[in-house]
Amino acid sequence: QPEPSQHCFDHEDESKEEVSEEDESKPVVAERAKPISLYCFALMMPTGYERTLVQMQQEENLGIFACDATTVYSDKAFRLAPNLHTSVVNSTLKCDYGGEFGTALNADIFFIVWAKVLEDGIFRAHSWTVKADPDTVFMPWRLAILLQDYEEAPQGVYLNNCKYGLHGPIEVLSQRAVLAWTKGFGKCTDFFNQKCSGPCWWGEDMFMDQCLMLVLGVRRENSSQVLSEKHCDPVPGWDSCEDP
């Protein structure tokens with residue numbers, strides 16, 4: 001099995017996680033007849049190439065900055081542009097590598113980030129939420145067209161972007177899926193700790209995929225059009241940037 005994303009910052013359960021009546025009263029607009037609205041965020045290191053990439057994208061209005069709303073998270077508060085500051089998460093952004101595939105064991109980092117997404121609440125005003133790594137070449141206008149084919153579900157919808165399972169460079173969740181995920185990853189931790197007789201040593205992407213699909217009952221939609229990367233058997237020339 002090809003390894004999932006290496007990005008690191010240096011059998012169904014019988015009971016599904018339920019979305020409360022309070023959450024159901026929040027706006028849910030990811031339906032085919034309604035316009036697609038994207039809330040996009042990235043988690044970045046405060047120094048190094050990620051900061052340079054994020055600043056370039058902001059200057060050119062590319063990547064997550066071409067979405068309807070954007071947040072950049074980091075472990076420190078600093079200005080990226082005159083009207084753009086990072087939102088701080090309480091994490092060192094450091095993790096180990098290991099597990100079956102030798103991937104970044106970054107699930108705990110992203111639990112904190114997604115909890116901050118829930119706390120900030122910006123996603124509630126948008127039909128879909130996208131987490132994109134700073135070095136992901138992301139074109140929101142293409143994703144918006146693709147998302148027209150998907151409708152919201154009672155527990156939400158997420159897109160599986162690789163035939164080998166969800167990979168972390170880009171993660172796409174509907175509004176209800178974000179609610180289920182952010183309120184349910186504690187339940188998933190307990191479930192998989194029991195299954196694995198301790199931590200499963202997965203990266204965030206694999207943990208999210210298994211959690212949403214097997215424990216929380218979020219609908220998984222397979223889409224080979226969301227992501228091209230070397231770990232997911234891409235077509236020849238996928239990285240040439242010549243596909244219009």
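## Two buried charged residues

At 2% relative accessibility, K131 counts as buried. This description rests on a predicted model. K131 belongs to strand 8, which spans residues 128–132. The side chain of K131 reaches 2.7 Å from the backbone oxygen of G168. Leaving aside residues up to four places away in sequence, K131 touches F41, F110, W114, G168, P169, I170, E171 and E204.

E204, one of those neighbours of K131, is situated in helix 6. E204 has a relative accessible area of 2% and is therefore buried, the limit for that class being under 20%. The side chain of E204 forms a polar contact of 3.3 Å with the side chain of W114. With residues up to four places away in sequence again excluded, E204 touches N106, A107, F110, W114, K131 and E171. F110, W114 and E171 thus appear among the contacts of K131 and also among those of E204.

## Helix 3 against helix 6

Helix 3 and helix 6 pack with their axes 8 Å apart, at an angle of about 65°. The two helices are therefore roughly perpendicular to each other. Helix 3 contributes A107, F110, F111 and W114 to the contact, while helix 6 contributes E204, F207 and M208. By class, these residues comprise 6 nonpolar, no polar and 1 charged. The buried residue E204 is among the participants from helix 6.

## Helix 3 against helix 5

Helix 3 covers residues 107–120 and helix 5 covers residues 175–195; their axes come within 9 Å and cross at roughly 140°. This crossing is left-handed. On the helix 3 side, the contact involves F111, W114, A115 and L118. On the helix 5 side, the participants are V178, L179, W181, T182, K183, F185 and T189. The residues of this contact divide into 8 nonpolar, 2 polar and 1 charged.

F111 and W114 take part in this contact with helix 5 and also in the contact of helix 3 with helix 6.

## Helix 5 against helix 6

The axes of helix 5 and helix 6 come within 9 Å and cross at roughly 95°, with helix 6 comprising residues 204–215. Helix 5 is therefore roughly perpendicular to helix 6. From helix 5, the contact draws on A177, W181, G184, F185, K187, C188, T189, F191 and F192. From helix 6, the residues involved are F207, M208, Q210, C211, L212 and V215. The class totals for this contact are 11 nonpolar, 3 polar and 1 charged.

W181, F185 and T189 of helix 5 meet helix 6 and also appear in the contact with helix 3. Likewise, F207 and M208 of helix 6 meet helix 5 and take part in the contact with helix 3.

## Residues with positive phi

Most residues other than glycine have a negative phi. S197, although not a glycine, has a positive phi of about 55°. S197 is found in the loop between helix 5 and helix 6. With a relative accessible area of 71%, S197 is exposed.

D233 is likewise not a glycine and has a positive phi of about 50°. D233 is found in the segment after strand 11, a strand formed by residues 219–222. At 43% relative accessibility, D233 counts as partly exposed.

Methods: Residues numbered from 1 in each chain as written. Predicted model: local features only at pLDDT ≥ 70, side-chain atom pairs only at ≥ 80, totals over all residues. Heavy atoms only, no water. Axes fitted to C-alpha atoms, helices over the stretch in contact; angles between N-to-C directions. Helix = DSSP H or I, 4+ residues; strand = E, 2+ residues; numbered from the N terminus. Left-handed = near helix turned anticlockwise from the far one by under 90°. Contact = heavy atoms within 4.5 Å. Nonpolar A, V, L, I, M, F, W, Y, C, P; charged D, E, K, R; others polar. Parallel < 35°, antiparallel > 145°, perpendicular 65-115°, else oblique. Buried < 20%, exposed > 50% of the residue type's maximum accessible area, 1.4 Å probe, protein only. Polar contact = N/O pair within 3.5 Å; in protein donor to acceptor, adjacent residues only side chain to side chain.
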